[in-house]
Amino acid sequence: MVKAAAKLRQLGVRTVLLAGASQGAKASLMAAPAISPPVAGVVSLSAERTAQGQDVLPFAAKLIAPVLFITAKGDRYGAAKATPQLYAAATKASSRPHSP
């Protein structure tokens, strides 16, 4: 994703937003802190806590772009538990909408 964002910017794209569901959400959360200039935002749909054995939480803690975390309360794959943890870690994000 970092290389894709760089290529988009090389082609003249000024606003890059990362979004994904499950594996794609985790990839977006993990890539966003490494992209410079920062992405315009991240949308995380049902991200679980780990990606290929790596904890996503430290990446969420580095986010500075606005981030929207979305999951279903009854998600059976771990996102229902992970989403509040990821949200809590993303304290540097410029905006973190919250809905109970």
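In the predicted model, L45 is partly exposed, since its relative accessible area of 33% falls between the limits of under 20% for a buried residue and over 50% for an exposed one. L45 belongs to strand β2, which covers residues 41-45. On the surface, L45 joins L68 and I70 in a nonpolar patch, and the accessible area of these three residues together is about 210 Å².

The strand that holds L45 is part of a fold with four helices and five strands. Read from the N terminus on, these elements follow the order α-β-α-β-β-β-α-β-α, so that strand β2 can be placed within this series by counting the strands from the N terminus, as the numbering is defined.

As regards overall dimensions, the C-alpha trace of the protein extends over about 40 × 25 × 20 Å along its principal axes. The radius of gyration is 13 Å, which agrees with the value near 13 Å that would be found for a compact globule, because the protein has 100 residues and the expected value follows from that number.

The accessible surface of the whole protein amounts to about 5900 Å², and carbon and sulfur atoms account for 58% of this area. Of the 100 residues, 36% are buried. When contacts between residues at least 6 apart in sequence are considered, 67% of them are found to link residues that are at least 24 apart.

Conventions:
Residues numbered from 1 in each chain as written. Predicted model: local features only at pLDDT ≥ 70, side-chain atom pairs only at ≥ 80, totals over all residues. Heavy atoms only, no water. Helix = DSSP H or I, 4+ residues; strand = E, 2+ residues; numbered from the N terminus. Rg over C-alpha atoms; globule rule 2.2 N^0.38 Å. Buried < 20%, exposed > 50% of the residue type's maximum accessible area, 1.4 Å probe, protein only. Contact = heavy atoms within 4.5 Å. Areas by Shrake-Rupley, 256 points an atom, 1.4 Å probe, with all protein chains shown as cover. Patch = residues over 30% accessible without salt bridge, like charges linked within 9 Å, V, L, I, M, F, W, Y side chains within 5 Å. Salt bridge = Lys/Arg side-chain N within 4 Å of Asp/Glu carboxyl O.
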